[in-house]
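Please open the model in your viewer and keep the sequence panel beside it, since this tour moves from one selection to the next. At each stop there is something to select and a short account of what is found there.

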Amino acid sequence: MDLEQVPHYSHKINTGDDLWNRATQLHLENDFPEAEKLYVQLLEQNSQNGGLLATLGSLYCQTGKLGLAIHLLECAIEHGVSNADILTNLGVAYRHSGQIEKGRKALEDSIKDDPTPEALTNYSGMFVESGEPEKCIELCERALAMNSELPIAHWNLAISLLGEGVWDRAWDEHEWGLKPGGLREDRVVEEVPWWDGTPGKTVHVYGEQGLGDEIMFASMLPDILKTNDVVFETHGRLETLMKRAFPTAHVYGTRTLQEIDWADKHKIEYRIAIGSLGKFYRRSVESFPGTPYMTAEPAPKGNKFRIGISWVGGGAKQGRVVKRSIPLAWWKAILDTKDVEFVSLQYTECDREIEGAWKAGHDILVMDEYAKALDFYEAARLVASCDLVISVCNSCIHLAGALGVPCWVMTPCYPAWRYQNRGKMPWYRSVRLYRQPSPEPGTWLPVIELIAADLANLLAKQERKAA
């Protein structure tokens, strides 16, 4: 989830050459490889030109070449070229390279004198998932007072409001993610209007964002299915799961494909992204039913109490993986529990950690034919076979919640908005959050001890009931 947007930066330089104009035009057109070639050519004769250093550094920031971006932007500042956009890009580059404090300093500097709305918005990204949502909201509102059409400002505002549970305003801001320059991906199969809540129509609903998000947002499909004929376009890995969950919908696993072959089978009248259903059906905490809405045939199991475990979360960005992962070696207090069967739900490569747990005397069953299957329905079958799931924040949580399987979540101190900044996770009644008390990694250990104690109490109660 990107919370910053790199402003295009181009500083006028006196080269007396049309090469500069061609390079900046290519840059504006997002033809980064060709623009880079021309900038580098210019740099050979203008190596001390601060404006050129800043412009090329900003291009590298846009293209993810963070080391080069930082070096060139710092050089530009040393040569006396500095403004809000340059400092913003430097801050973004530092942040994305994991140098958080340097990023914060650059972003703070970017808003000191004459801040642009982009600078205010990028600085606001420091306060999303950092325990200061009110600061993010204040900065976004300042940015929007200067430019009310800035999608990234609306997006950061939406994420902070969603985490605070201000559902009505949050969903309205969330829609800005679909605007040009926004961070949600629009999809047009048929050129039809955006759905406005009109009942009795054929509506193309398409999935978006990650697999876990799509499972979570699918909890709103029963609402729209009550009044409309739904053509639901899902991720290919979720097709079986969604077809079983929503037999009255027309489900196609094609949302990531460029070409489809089903459009002429339906008279589509409206379209809508699945996350946008929130503005119709989840405008207050009371509107979340939290009840199971998916089913799966449980995978085979024995007679022991089965606990599914998963310890690595996050996506492509390393910082999020670190924030949402807890080394399996730290799980000792939980894994020491006797007379239960632990099964791995981990879908990433984890052989080394599993082997380490085995060597430490912890018996963890591996059923990768389910956990790592391309068809997510197989993972759902494994989750459905569990009496309890204990996991970090990842897609296992959404599977367990959708299936109604009891699930205990090791939740970061400052979690993603789905888990809320405080209180319960409204999407699923079967999910219980165990919140990290502070963001330091070592503070996971008391969380693990608490879960181990609660697990012992749960098993003791079950033994008493059985007796």
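Is R418 buried or exposed? The model is a predicted one, and in it R418 counts as buried, because its relative accessibility is 12% and the buried class covers anything under 20%.

**First stop: R418 and its surroundings**

Select R418, which sits in the loop between β9 (407-411) and β10 (431-435). If you then display the residues around R418, leaving out those within four places in sequence, the contacts are Q209, D213, M216, H398, M425 and W427. For a sense of distance, add H235, which is 183 residues away along the chain and whose C-alpha atom is 20 Å from that of R418.

From there, move to Q209, one of the contacts of R418. Q209 belongs to the loop between β1 and α11 (211-217), and with 31% relative accessibility Q209 counts as partly exposed. Look at the backbone here, too: Q209 has a positive phi of about 60°, although Q209 is not a glycine.

**Second stop: another positive phi**

Next select D339, in the loop between α16 (332-335) and β6 (340-344). D339 is not a glycine either, yet has a positive phi of about 60°. The relative accessible area of D339 is 63%, so D339 is classed as exposed.

**Third stop: S385**

Where does S385 lie? S385 is placed in the loop between α19 (376-384) and β8 (388-392), and S385 counts as buried because its relative accessibility is 4%. Apart from neighbours within four places in sequence, the contacts of S385 are P298, A299, K301 and R306. Selecting A296 as well shows a residue that is 89 positions from S385 in sequence, with a C-alpha to C-alpha separation of 9.0 Å.

**Fourth stop: salt bridges**

How many salt bridges does a search of the whole structure find? The search finds 25, and a few of them are worth selecting one after another.

Begin with K37 and E34, which form a salt bridge whose closest N and O atoms are 3.2 Å apart. The two residues are three positions apart in helix α2 (residues 32-45), which means that about one helical turn separates K37 from E34. K37 is classed as exposed because its relative accessibility is 52%, whereas E34, with a relative accessible area of 34%, is partly exposed.

Go on to E239 and K243, whose side chains meet in a salt bridge at 3.1 Å, N to O. Both residues belong to helix α13 (residues 239-245), where they are four residues apart, about one turn of the helix. E239 is partly exposed at a relative accessible area of 24%, and K243 is likewise partly exposed, at 42%.

Now select D454 and R432, which form a salt bridge with the closest N and O atoms 3.9 Å apart. This pair links distant parts of the chain, with D454 in helix α21 (residues 444-466) and R432 in strand β10, 22 residues apart. D454 has a relative accessible area of 22% and is therefore partly exposed, while R432, at 41%, is partly exposed as well. To continue, select E175, R184, E208 and K279 together, since salt bridges that share partners join these residues into one network.

**Fifth stop: a charged patch and a helix residue**

Which residues form a negative surface patch? The patch is made by E190, E191, D261 and D264, and E191 is a convenient member on which to centre the view. E191 lies in the loop between α10 (167-174) and β1 (202-206), and its relative accessibility of 74% is why E191 counts as exposed.

Finish with E78, a residue of helix α4 (residues 66-78). E78 is exposed because its relative accessible area is 66%. Adding T63 to the selection shows a residue 15 positions from E78 in sequence and 23 Å from E78 in space, C-alpha to C-alpha.

Note on methods
Residues are numbered from 1 along each chain as its sequence is written. This is a predicted model: local features need pLDDT of at least 70, side-chain atom pairs count only at pLDDT 80 or more; totals for chains, interfaces and linings use all residues. Side-chain values use heavy atoms; hydrogens and water are left out. Patches are made of residues with over 30% relative accessible area and no salt bridge: like charges are joined within 9 Å, nonpolar side chains (Val, Leu, Ile, Met, Phe, Trp, Tyr) within 5 Å. Accessible areas come from the Shrake-Rupley method with a 1.4 Å probe; for residues, only the protein chains shown count as cover. A salt bridge is a side-chain nitrogen of Lys or Arg within 4 Å of a carboxyl oxygen of Asp or Glu. Lys and Arg count as positive and Asp and Glu as negative; His and the chain ends are not counted. The place of a charge is taken as NZ of Lys, CZ of Arg, CG of Asp or CD of Glu. Buried means under 20% relative accessible area, exposed over 50%, partly exposed in between (1.4 Å probe, protein chains only). Contact means heavy atoms within 4.5 Å.
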